[in-house]
Amino acid sequence: MFDFDVAYLGSGHSCWHGALTLKAAGKKVVLMDHDLPGGTCTNYGCDAKILLDGPFEFLEGLQRYENVCVDHAGTIDWKKLMAYKKQQLGQFSEAIPALLKRFGIDFIRERGKLIDAHTIQVGDKTITAENIVLGVGQRNARLNVPGQEYLHGSREFLDIEEMPEHLICIGAGIISMEFASMALTLGKKVTFFEFMPRALTAYPEKYVSKLVAKMSAQGADFHFNEAVCGVEKTENGYKVMAKSGLCVEGDYVLDATGRVVNYEDLGLEELGIPASRRGIEVDDHLRTCVQNIYVSGDAIDKKIPRLTPTAEFESNYIASQILGVSDAPICYPAVPNLVFTLPRIAQVGVTVDEAEKCPDVYRVVSVPYGSKNEWIDNRELDIDMTFIIDKDGHLAGAAIYGSEAGTWIDFLTLVINQKLTGANLRNMIFAFPTQTYMIVSTLCTLLSPAN
Ligand SMILES: Cc1cc2nc3c(=O)[nH]c(=O)nc-3n(C[C@H](O)[C@H](O)[C@H](O)COP(=O)(O)OP(=O)(O)OC[C@H]3O[C@@H](n4cnc5c(N)ncnc54)[C@H](O)[C@@H]3O)c2cc1C
């Protein structure tokens, strides 16, 4: 007999959603984590970021009315905002153990390591479990250059008491672009060193160029095709040097060069489970080669975006496998991606790049939504949307540039996943005057009219 039916290494979204389902179905479940309960999203990622981002989004909205009817849109006190963020997040890390306790799920505040297919070393004890789920997540990559000790990761940035006067970002991906948006709104200087020829490479070039132009006008310097080769401490801050000879001095250096999976020291090699910085290898049922050991969330070696909702989806899928509800391979629906820059860029489904390469299969329709709908878009005149329609007249993908992109992309994800037609939409009533109403009106003319 085992001590537990299911043991989770980790306590993030890849773990606790499935754990609740399993417990509700009568299974004996344990979670373990040496760090704060709730994982990256709750403590060092999405939640921290969105708490800080909130007032910036409002401020941007108000600024659009300056010289119209708002005299002075105001400023943000970063120190007070940081104190607010800490107070809010403090409640979360207490809430998760309380939630687990309420459901009767054990939580051990220790690191776990596999001893064999059913045994885990947890601190100085061992426990056994019939099934094991590895939801160990990722951590910041650290650039391997001289002076790497002066670099900071996203975790540290999300806790800074003072916004640096000159922020240097190594990498122009999602995390650094989001953080830089806040710094620029506070009137700070930002410099990017990016190895690739452009920022946010996974997102449509035309929207990224628009964002880069906006950020440049606010005081950002983007240096593309630059490989950082060292960082030095100077009298007033830090000097970042690139192989090309480019050299910039600032007072805080953010290493946003990517994230790596926590695959080390888990006992994987001893069990013959292949893994690397990219993730732990699984089959199409999220099982490792040791069939009772599953991997969930960011720790999976996968092409699907590493996001909280995908981690939750995988966690629920694994629970349904363990409960024997289904034995079908995992099948992901369309996954929306959203960058929380100011404004947002979002996309879902078939990308603009993919669609443009297959003109026989897809129709790409760009809508200058902001200038067309000035009366309802809160003076956000540069909102842009692209819809990708397949041969059957269904929405296959969408990309959006605009502050409300998060809400809209979720709605469009539903249209894609449900294969809604123009007739389906016309048979529904939406509130008016809203921005969603206007999007529905546009879609009705583009999608197949058939029911
Ligand atoms: C700055 C930032 C912003 C983000 N913003 C967004 C966003 O806006 N939207 C979005 O969808 N996603 C976002 N993400 C990604 C999201 O946070 C992750 O996809 C999500 O947290 C993955 O959940 P997870 O459970 O797989 O891993 P994690 O949440 O990372 O949890 C893994 C846990 O495992 C623990 N662990 C590691 N090794 C062991 C071990 N041996 N034993 C026990 N425990 C162990 C770790 O301590 C950690 O707590 C962001 C990430 C970052 C860093």
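# Ligand shell, domain contact and backbone outliers

The domain assignment divides the chain into domain 1 (4–140 + 260–323), domain 2 (148–257) and domain 3 (343–446). The model is predicted. The points below cover the residues around the ligand, the contact between domain 1 and domain 3, and the backbone at Asn 67, Pro 343 and Pro 433.

**Ligand surroundings**

- The ligand has 33 residues around it, and those that come nearest are Ser 14, Asp 33, Thr 40, Lys 49 and Gly 112.
- Thr 40 places a polar side-chain atom 2.4 Å from an oxygen atom of the ligand.
- For Ser 14, the distance from a polar side-chain atom to an oxygen atom of the ligand is 2.6 Å.
- At Gly 10 a polar backbone atom takes part, lying 3.4 Å from a nitrogen atom of the ligand.
- On its own the ligand has 1,000 Å² of accessible area, and the protein covers 92% of that area.
- Two or more residues of the shell come from each of helix H1 (13–24), helix H2 (39–44), helix H3 (46–63) and helix H9 (308–322).
- H2 gives the largest share of the shell, four residues.
- Sorted by class, the shell around the ligand contains 14 polar, twelve nonpolar and seven charged residues.

**Contact between domain 1 and domain 3**

- A distance of 31 Å separates the C-alpha centres of domain 1 and domain 3.
- Seven residues from domain 1 and seven residues from domain 3 take part in the contact.
- About 610 Å² is buried between domain 1 and domain 3, and carbon and sulfur atoms give 38% of this area.
- On the domain 1 side, Glu 57, Arg 64 and Tyr 65 supply 76% of the area buried against domain 3, more than any other three residues.

**Backbone outliers**

- Most peptide bonds are trans, and most residues other than glycine have a negative phi.
- The peptide bond from Leu 342 to Pro 343 is cis, with omega near 5 degrees.
- Pro 343 sits in the loop between strand E19 (337–339) and strand E20 (345–349), and domain 3 (343–446) begins at this residue number.
- A cis peptide bond also runs from Phe 432 to Pro 433, where omega is near -5 degrees.
- The loop that holds Pro 433 lies between helix H13 (422–426) and helix H14 (435–446).
- Asn 67, a residue other than glycine, has a positive phi, near 70 degrees.
- The place of Asn 67 is the loop between H3 and helix H4 (78–103); H3 is also among the helices that give two or more residues to the shell around the ligand.

Notes. Residues are numbered from 1 along each chain as its sequence is written. This is a predicted model: local features need pLDDT of at least 70, side-chain atom pairs count only at pLDDT 80 or more; totals for chains, interfaces and linings use all residues. Side-chain values use heavy atoms; hydrogens and water are left out. A residue is near a molecule or strand if one of its heavy atoms lies within 4 Å of it. A polar contact is a pair of N or O atoms within 3.5 Å; within protein, one must be able to donate a hydrogen and the other to accept it, and residues adjacent in sequence count only if both atoms are side-chain atoms. Accessible areas come from the Shrake-Rupley method with a 1.4 Å probe; for residues, only the protein chains shown count as cover. Ala, Val, Leu, Ile, Met, Phe, Trp, Tyr, Cys and Pro count as nonpolar, Asp, Glu, Lys and Arg as charged, and the others, Gly among them, as polar. Domain bounds come from an automatic or database domain assignment. Contact means heavy atoms within 4.5 Å. Buried area is the accessible area (1.4 Å probe) that two parts lose on being put together, summed over both.
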